[in-house]
Structures are given as structure tokens and as C-alpha cells.
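Hi,

Here is the structure I promised to pass on. Have a look at it first, and my notes follow underneath.

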Protein chains: 2
Amino acid sequence: MIYLDNAATTYPKSENVYRALDEANRENAFNSGRGSYKAAREATAIIDDAKNKLRKLANASDNSDVILTPSITVAMNQILQGLDFHRGDIVYMSPYEHNAVARVLHLLEKRIGIIVKELPLLPDTLEIDLETTKYLFAKDKPICVCCTHVSNVTGYILPIKEIFESAKRYNSYTVLDTAQSFGLIEIEKDWKIDFLAFAGHKTLYGPLGVGGFINYHNHMLQEVIVGGTGSDSLNLDMPIIGTSRYEASSANVVAVKGLSVALEEALLKESYETEKELLKYLVDKLQEIDNIRMFLPPEDKHIGMVSFVVEGYKSEDVGMILDEDYDIAVRTGYHCAPNIHKWLKDEEYLGTVRVGLSKFNSRKDIDLLCDALEMLCS
Amino acid sequence: MIYLDNAATTYPKSENVYRALDEANRENAFNSGRGSYKAAREATAIIDDAKNKLRKLANASDNSDVILTPSITVAMNQILQGLDFHRGDIVYMSPYEHNAVARVLHLLEKRIGIIVKELPLLPDTLEIDLETTKYLFAKDKPICVCCTHVSNVTGYILPIKEIFESAKRYNSYTVLDTAQSFGLIEIEKDWKIDFLAFAGHKTLYGPLGVGGFINYHNHMLQEVIVGGTGSDSLNLDMPIIGTSRYEASSANVVAVKGLSVALEEALLKESYETEKELLKYLVDKLQEIDNIRMFLPPEDKHIGMVSFVVEGYKSEDVGMILDEDYDIAVRTGYHCAPNIHKWLKDEEYLGTVRVGLSKFNSRKDIDLLCDALEMLCS
């Protein structure tokens, strides 16, 4: 199989990650922090070590809480449902948001009566329109601004620094979704992030089963998922202080150990350059094929994936042909990003064909894909 | 290490489970149901297969929804926060409930104004007082009754059939926590269960990172965790029909494959008899040691673990000595079960010492433990 669905989950992971996972299953799968014995303390140490690495990668201070969750979806729910919104509060999100953000905000719209607004795009390039954004924030002040770092549909890198800078003029919370960027694009210290949510199994090249968030300023969140924390057990309320408030249930120390090894290998610059080069190669080759229409961000704001449509085909049919006739795995459809498609105008194709790259892909993978697409279009 | 904290998480798992996990990491860690290619469909098939096995083990009908979650804690939150409770609704729970139930109900008490009541116990044996239960239900009718199948503190097997039978007279919802029983004690068809929540990594001998619930009658639940479902992506609401309503985010197909292999090995009768025999051996030996006071349920209603205190010691000190001097791992404290300790009256010991057995323990493990305890008490 030629695997080009890396924006869904990266594959493969490194051999070191696979070995760490096997080892952790056999030697470390204990209940961290809940036992008074060595193996439990070792599990806790594995978790603390991973948290330190995550803190560093996120350019967060030593005091910032790192909360581990089973997925970035759970992390986003804990952040957004945990913020103490009230009726009429205005929450902005970019039109590129994934349903892990968009559906949570929609739920809060229905339940609490928050008002969800979208950041504006420049119609030509589909970049965030920063000037209009500033105007909108001044007019309808944000309580919270949610932004994905990299679009999981087009690979567009959003101008996080500028957006959050504008948001912070109104003391807004800022929430960053790094599912498609963490470990690939540097997170700068001056970006004014309150919450950074991450997925372990995508650009970090870790395993399924672990995600989380950095709470840069340790804002207190309301409980979303509650349960046993292995501490203060007689108290029916979740702990007020510390990360265990947000970490009910047995930690998945196996996935955390795999992630920890992946984090050691997260060479930001190297991964970025490998992918950037592959991406350019892919874009150039696709450009040569008639009947393919790409949804391209400006070149210097683009990483990780390309979305396109093939004239005359539903996108799912392109995916099916690539799978059945060429054993090439791409993703087709709307990619759980509900709002960007009105800008892409891809609905007559039932969404896009998305080619998601990883640092383990090669030019040969791209050649095979493009050969197949040429056959299809000819 | 002599591992006797199996009520927290069973260790080891079978070699087949370890191999399946390694294989799944290397070959099946794809995004199930979201891709249009073979590897994604294989991931979906792994999940469907596990669900069929779970349905069978739960004695549920072919139509009952099986929802996979990252843990039983998340499952309990999805069930209890998902039921459409209103102010004044009366929800009963047993005094044996874990914080995965007790803290969720307490949250709903604070947020919605439900009234949480406890099932009564017989003061001598600490069994559920079924007669008084019936009386209480008649007086203050239950909207929902939550019960753990086996206490994670004393190993007491609760009379689920009788409790739920009484609850159903008032058309109450019934929620069963099988963290300490699934795969070990048979779930009978006539128990009138609405929701059965399970943990993968305890009595099922599966990996960390997967739990879930059986929705026997497919009651509709409100959304608790929302996000991408890989389907109907343009819809900002979660799907109304099907299990994807409750399964936002990428499924942890690796953990599911491990669980699926574990389920093949879940030999109810054999596990039960192995553990029952070990338990009797343990109880008999502990009984011979002066200064140990066990919290024993009636013998025919007891499985999996023994909790005790040692006169003159805080329980955590017993745990520390067993760990440091004998490399024996037990669990000490309150075991995330907040309400039973007022019945056990173990607070002067800061909770109990709990010895949790697995089918992989041996008489020798118990001998070594009891030798150590004898030294401690002599």
C-alpha cells in the first residue's frame, strides 16, 4: 500500500516507537500514581517525562500544566466545555476548524446560548483576513478565539501570532488546535496561547490513544469528565489544584511511553524540510495533470497535504479507484471540517481528494500517485 | 515483583494479547471508517468483530449498540451525563460505587439538582438490604439505579438481578458497572440492564485505552463528548442514529484489537474457578495471622480481592513495607470508592490494604505475601 492519508493518522511510526509500545505493554502497563509500589511509580515517571517533553515542544513555562487525555477530541471538549461561558458570549473560530472544535461550539450554542462567529477569509487566497478580523473583534468582542494551526483540508498555515495578538487586546481566551502541526511547526513563545491541544498520533508520530492540552496559564476549567483520580478519594468533587482535576481514570501509560519516544524524534526542522520538499514535488506534479483542480494556499503558508478535485468525478470515486486499482490510500470527502467547503465550493464533488504526507513518504510514492491520476484523467 | 494489584489493572496479559497489540500497532493503526481504502476498512472490521464479542459476553441482543470509549470512566460519564435528568430526579447508587459513578452523580447533583440516594446495607454483612431497598423505591421512586457488579474494595458480588428487578417496577434506568466482573462473572439475560459499562484492562485482561458500554435498548443519550465522526461531516450536530453519536474522534483500533484477542480468551467459568480457589486460599491464610482484620463478604458472594487492615499500622505503611522489603505490589487507601468506608470504619487506617487477584496469580504469590505479613505482625 502507498499510504497517503497521513493527515488522518501518520503511518508508519518509527521502529523505536513500536518497540517502546511493546515494551510498555509488557513492563509498564500499571496504574500510575495510584499504587504504593515501584512499578506504579515507574509508570508515573514515564508520564512526567512525556509531560516535560511536551511542555518544551510547546515552548511553555515549567509551571504550565500539561494534561494528557485519550485524544485531542476529548482535550477540545475539556477545554471548550470547561471554559465558563455564558449566554451571549461571543466565540470566534476560523472557517478551517475541525468538528472537534466546530461541533463542541455548536453544542454550547444550543445549550448555553453562546454566539459562534467565523473569522473572515480573503476570497482569493482563502487566507485569514486579518484586517477584517481586527474590525470584527472591535465590534463584537471575543470571549474566546479558536484556531487550528494548520488546516486539515488544505494544509494552510494560519497566522496564529497575529490572530491571537488581536484577540488578546480584548482579553479573550485563545485556543490552538495543533493536530496537524505539533512537532512539525515551531510554537513560538510570544504567540499568546492559553490552550494548545494536540494529538499524539498525527504530526507527532506517536501512537493512537493519547492526546492532550497545554494549559499555559493554568486557567481553571469546569469539570467535563469526572471520576477516580487515585487521590483525595473520599472527596466527591474533583481536585481543585493540579492536573488530576482533568485526568480522571487510569492513564494510558503505554500510549504515553510510545508518545514519549516519538517526542524524542520530533525534529521540527528536519521533518518540516522533508515534508516541504515532498509537498513541492507533489504540487508540481499534480499541476501537470489536466482536470485536477487543487485548493492551494500560498506556498509559504502551506504544509503537510494537498486537497484537490478531479473534474468529472466525485471525490469518493477517485479514492475508490486509487484504492482498488493502485493500492493507494488517500482520504476523500469533507475531512470532518464542516465550514471550509462553502469557500472551496467542492460540494458538487462531495468534498476533496486529500493527499496527506509524512516524513516517511518518498518521491516514488508521489510518482505512483500521479501516474495513477494521469491514467484516470486521460 | 509479586503483583497483587489486579483490581487496578490486571497484569500480565496473555502473550497473545501482547502480540496482537504489537501487530496492530505495526499493521492496523489506521483511521477506521474514515478512509475509503482497504487498511481503513480492515480497522473497521477489527472494531466490529470486538463489538460482536462484547455483545455476546454481555448477553445482549444483536441489535444492542456497543459503544467503545477510551475508558470505563468516559463510558460512565457518557451514560450518566447523557441521561436526560431533571431537577428533583432521584438517582440511587450502591454505597460500593467507584468515583467514576459517585463523582459523576455528585456533579449532576450540583449542576442539575438531581437527588442522589444510597442503597441500604445490612449492618452485619454489608450486603445490600433488598427489603429496605424495595421500601425506599416505593417511597422515593427511582429514575435511575446505578450499581457496581463487584465492589472494588471488598470483592462483594452485588445482587444485581434483584436490585434491577425492583428498580424496573418504577421504570427506572439501570446502570451496571462491570469493571471488576466482566469476563469473570456471567451476565444473565434476565437482569433487566439498560447500560452495562466495562473496562478493557481489568477482568477482561485486555490493554489500557479501551472501555465502553452496552446500550441494551439503544436509549438515546444527550451528547457529552462531541467531535468528528468521519461521517455526515457538514452537519454540526452529532449523528442521531448509530454508535458514532457516542464515538467522536479516531478509534483506538490497536487497543480494540488487543481487547478482541483477550475476549477470545475470556473463559468465564475457568477464570472464575481459578480465582475463587485462590481467594479461598488467601482468606484462609490471612485468617491465621494475628492483627489482620479482613472485610469479608459472605463466601458465596465474594470474588477477586480481599481488603484488610493491620492493627497498629496505617494501610499505606503496610503497602510501603510490602513493596520495599518484599517487592510485593498491593494497593492501599480508599480505592476511589468514597462511600463504603463509613461502613467499613477503616478511616483510622487511612483505608484498606487490598490484595487483588488475577487468574495468573499462584498459591506461591499468596504464600510470599502471607509470610511477609506474618513477619510484619509478629
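For sorting residues, Ala, Val, Leu, Ile, Met, Phe, Trp, Tyr, Cys and Pro count as nonpolar, Asp, Glu, Lys and Arg as charged, and the others, Gly among them, as polar. This is a predicted model, where local features need pLDDT of at least 70 and side-chain atom pairs count only at pLDDT 80 or more, while totals for chains, interfaces and linings use all residues. Residues are numbered from 1 along each chain as its sequence is written, chains are lettered from A in the order in which they are written, and side-chain values use heavy atoms, without hydrogens and water.

Cavities first. A cavity here is a set of points, on a 1 Å grid over the protein atoms alone, where a 1.4 Å probe fits but cannot get out; lining residues have an atom within 4 Å of a point. Points are joined across faces, edges and corners, and a volume is the space filled by probe spheres set on them. There are 7 cavities of 30 Å³ or more, and the largest has a volume of about 120 Å³. Its lining has 14 residues, with A:Leu208, A:Asn252, A:Val254, B:Asn252 and B:Val254 nearest the centre. By class, that lining holds 10 nonpolar, 4 polar and no charged residues. Both chains take part: helix H1 (15-27) and helix H7 (253-264) of chain A, and helix H1 (15-27) and helix H7 (253-264) of chain B, each supply at least two lining residues. Helices are DSSP runs (H or I, at least four residues), numbered from the N terminus.

Next, the interface. With contact meaning heavy atoms within 4.5 Å, 80 residues from chain B meet 80 residues from chain A. Buried area is the accessible area (1.4 Å probe) that two parts lose on being put together, summed over both; between these chains that area is about 6,400 Å², 55% of it from carbon and sulfur atoms. B:Arg26, B:Arg103 and B:Leu236 give 13% of what chain B buries against chain A, more than any other three residues.

What about disulfides (cysteine sulfur pairs within 2.5 Å)? The count is 0 over all chains. A:Cys144 has its nearest cysteine sulfur, that of A:Cys146, 4.0 Å away. The sulfur of B:Cys336 is 17 Å from the closest one, in B:Cys146, so that pair is too far apart for a bond. Buried means under 20% relative accessible area (1.4 Å probe, protein chains only); A:Cys144 is buried at 0%, and B:Cys336 is buried at 3%.

Best wishes

Methods. On a 1 Å grid over the protein atoms alone, a cavity is a set of points where a 1.4 Å probe fits but cannot get out, and a pocket is an open set with protein on both sides within 12 Å along at least five of seven lines; lining residues have an atom within 4 Å of a point. A disulfide is a pair of cysteine sulfur atoms within 2.5 Å. Buried means under 20% relative accessible area, exposed over 50%, partly exposed in between (1.4 Å probe, protein chains only).
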